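Trainee: I am new to this structure and would like to know how its descriptive terms are justified.
Mentor: Look at it, then ask about each term in turn.

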Amino acid sequence: MLLPGVMPLQASPPNTNTSPAQTTIPYVPTRHDAVRDLLWLADIGTNDVVYDLGSGDGRVVIAAVRDFHARKAVGIEINPQFIRESRENAAQAGVAGRVEFIQGDLFTNDFSQASVVVLYLGHGANLDLRAQLVRTLKPGTRIVSHQFGMGEWPADKLLDVRTILLGMYGEMYNEFRINPDVPEFDSTGSRASHDVLSAWMVPAPVAGVWRGKVRLESEEGELKFTLHQRLSGVTGSFQFQGPTNLEGHVQADLWGDHLRCWCISTNRSSYFSQMWFEGHAIDDTLNGSLWVPQGNETREIKWAGRRDRADFTGTWEWAGPMDSPVQLKIERRDGRLTATYVDKNRTVPDYMGGNKPIPATDFYDFGGGFYFTLLLGLEGSSMTGGSRRVSPEDGWLIGEGIAISNTLTGTIAFYPYNRRFMNEPIVPDPKSRTNAPGSQPDKRVVVQEGRRDWLPKRVAP
Ligand SMILES: C[S@@+](CC[C@H](N)C(=O)[O-])C[C@H]1O[C@@H](n2cnc3c(N)ncnc32)[C@H](O)[C@@H]1O
């Protein structure tokens with residue numbers, strides 16, 4: 001028996017050599033009360049076009065138009081039997097004219113017209129999809145997911161609904177778990193007894209350097225924001241260059257294309273050292289207002305910024321996880337940017353495919369900057385005893401950078417799979433690198449973990 005919300009849905013790891021479409025995602029319907037919560041979390045209105053990717057019996061699609069008055073709802077479902085069932089269910093619910101069911105693969109069908117996307121797939125499938133979601137959906141589109149997250153992309157909203165499972169499932173391990181009157185009552189419960197519903201908003205690309213003229217009191221000058229972007233997360237700095245110079249960092253919030261930047265001055269304090277910007281980022285223009293505290297009031301000054309042109313294509317080199325040079329080659333292919341990682345010193349035996357360039361798992365073009373995730377260590381096979389990750393340099397490499405003039409500046413982080421390597425004494429001998437199955441490095445190695453500044457050099461255009 002499948003217990004809704006309890007069965008782990010299996011999916012492949014992200015972007016392995018198997019096509020995402022081959023991912024096995026079983027049918028487990030969302031309970032009707034969770035459908036309602038999910039659609040509520042998506043904040044559906046009468047103008048919304050809702051897509052359920054993997055729509056099963058059509059319950060989410062039908063509820064979106066029948067109960068939440070969405071303008072239109074579309075289900076994409078691979079199983080033709082479910083498509084037939086969904087159409088019958090929609091006719092019975094009296095909403096056949098406002099819904100559409102497409103029989104096909106959710107990984108290859110177009111859903112760019114959606115203003116809300118609903119997912120109940122699997123963690124791996126969400127990761128397979130997320131770059132496409134961010135690239136093809138309009139900024140501000142809401143994505144809601146039943147049970148599964150989006151890796152390191154934190155949800156904007158999270159609804160954790162404790163569900164009390166009656167019968168044997170509730171009592172299997174601890175008969176007091178559902179009794180709030182005894183100390184053994186599990187107030188958080190195991191994850192299996194929870195519906196976790198998450199929502200994200202597709203972020204506008206805001207990375208880069210934005211500039212615009214402004215008059216602050218009697219001072220005319222240029223205000224500049226330098227913004228780094230990691231999906232919905234934005235950090236950066238500001239600078240006002242006028243007769244006096246004001247600078248500091250910004251604390252930013254981004255919802256779709258709506259950006260707010262609090263300016264926190266680090267070099268001087270004045271009434272405009274506590275100002276903030278609030279507005280919208282559309283293409284290369286930032287339009288909105290600066291709010292400048294003045295006495296007991298806050299003054300509004302209209303402000304527009306333009307983003308500097310940035311080109312980050314080329315081959316960039318830096319000292320990699322093992323402190324020897326590695327490269328990221330960023331190129332434009334079929335109109336969009338892709339990245340490939342090259343580590344000439346990486347030792348991968350031929351029977352494991354040899355040392356080849358590794359494509360970035362995800363690459364996000366955020367206008368004046370980019371964000372990427374890269375899974376190192378997919379070369380292996382079952383020959384390595386089930387683990388495909390055997391070397392200390394296997395793990396996730398995650399970076400973000402913005403292009404300023406001819407340089408890249410940002411942060412990069414490496415998270416090794418095997419933390420054991422991290423705790424071993426340091427012997428800085430790059431020759432010790434090995435990736436042979438089942439073997440350990442001959443000598444112990446340095447692996448730098450965690451986020452650090454990234455200033456790669458362009459070594460080829
Ligand atoms: C966990 S069920 C969710 C059903 C429905 N969204 C709900 O919440 O009740 C996942 C659904 O995705 C469908 N599915 C799996 N792989 C698919 C694919 N590649 N393309 C389209 N649908 C797929 C399955 O047939 C199944 O109906």
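Trainee: Leaving aside neighbours within four places in sequence, which residues is His146 in contact with?
Mentor: This is a predicted model. In it, His146 is in contact with Thr30, Leu38, Leu119, Tyr120, Asp195, Val196 and Leu197, once the neighbours within four places in sequence are set aside. His146 itself lies in strand β5, residues 142-146.

Trainee: Why is His146 called buried?
Mentor: The cut-off for buried is under 20% relative accessible area. His146 has 1% relative accessibility, so His146 counts as buried.

Trainee: What makes the pair His146 and Gln147 a polar contact?
Mentor: The side chains of the two residues are joined at 3.4 Å. The limit for such a pair of N or O atoms is within 3.5 Å, and residues adjacent in sequence count only if both atoms are side-chain atoms. The contact of His146 and Gln147 is one between side chains.

Trainee: Why is His69 called partly exposed, and Asp334 exposed?
Mentor: Exposed means over 50% relative accessible area, and partly exposed lies between that and the 20% limit for buried. His69 has 47%, so His69 is partly exposed. Asp334 has 83%, so Asp334 is exposed.

Trainee: Where are His69 and Asp334 found?
Mentor: His69 is in the loop between α2 (59-66) and β2 (72-77). Asp334 is in the loop between β17 (325-333) and β18 (336-342).

Trainee: What is notable about the phi of each?
Mentor: Most residues other than glycine have a negative phi. His69, not a glycine, has a positive phi of about 60°. Asp334 also has a positive value, near 50°.

Trainee: What makes α2 mostly covered?
Mentor: Seven of the eight residues of α2 are buried. They are Arg59, Val60, Val61, Ile62, Ala63, Ala64 and Val65. The elements that cover them include α1 (32-41), β1 (49-53), β2, α3 (80-92), β3 (99-103) and β4 (116-119).

Trainee: How do the axes of α1 and α2 cross, and why is α1 called oblique to α2?
Mentor: The axes come within 10 Å and cross at roughly 55°. Angles under 35 degrees count as roughly parallel and 65 to 115 as roughly perpendicular; the angle here fits neither range, nor the one over 145 for roughly antiparallel, so α1 is oblique to α2. The crossing is right-handed.

Trainee: Which residues meet there?
Mentor: From α1, His32, Val35 and Leu39 meet Arg59, Val60, Ala63 and Ala64 of α2.

Trainee: How do you know that β16 pairs with β17 and with β25?
Mentor: Pairing needs at least two bridges between two strands. Strand β16, residues 314-319, has six bridges with β17, in the antiparallel sense. With β25, residues 457-460, β16 has three bridges, also antiparallel. Both counts meet the cut-off, so β16 pairs with each of these strands.

Trainee: Which residues stand opposite Trp318 and Thr315?
Mentor: Trp318 stands opposite Val326 in β17. The bridge partner of Thr315 is Ala460 in β25.

Trainee: How many residues lie between β16 and β17 in their hairpin?
Mentor: Five residues lie between them, and Asp323 in the turn has a positive phi of about 70°.

Trainee: How many helices and strands does the protein have?
Mentor: The protein has five helices and 25 strands. Of its 461 residues, 50% count as buried.

Key. Residues are numbered from 1 along each chain as its sequence is written. This is a predicted model: local features need pLDDT of at least 70, side-chain atom pairs count only at pLDDT 80 or more; totals for chains, interfaces and linings use all residues. Side-chain values use heavy atoms; hydrogens and water are left out. Helices (H or I, at least four residues) and strands (E, at least two) are DSSP runs, numbered from the N terminus. Buried means under 20% relative accessible area, exposed over 50%, partly exposed in between (1.4 Å probe, protein chains only). A polar contact is a pair of N or O atoms within 3.5 Å; within protein, one must be able to donate a hydrogen and the other to accept it, and residues adjacent in sequence count only if both atoms are side-chain atoms. Contact means heavy atoms within 4.5 Å. Axes are lines fitted to C-alpha atoms, for helices over the stretch in contact, and angles run from 0 to 180 degrees between N-to-C directions. A crossing is left-handed if the near helix is turned anticlockwise from the far one by less than a right angle, and right-handed if clockwise.
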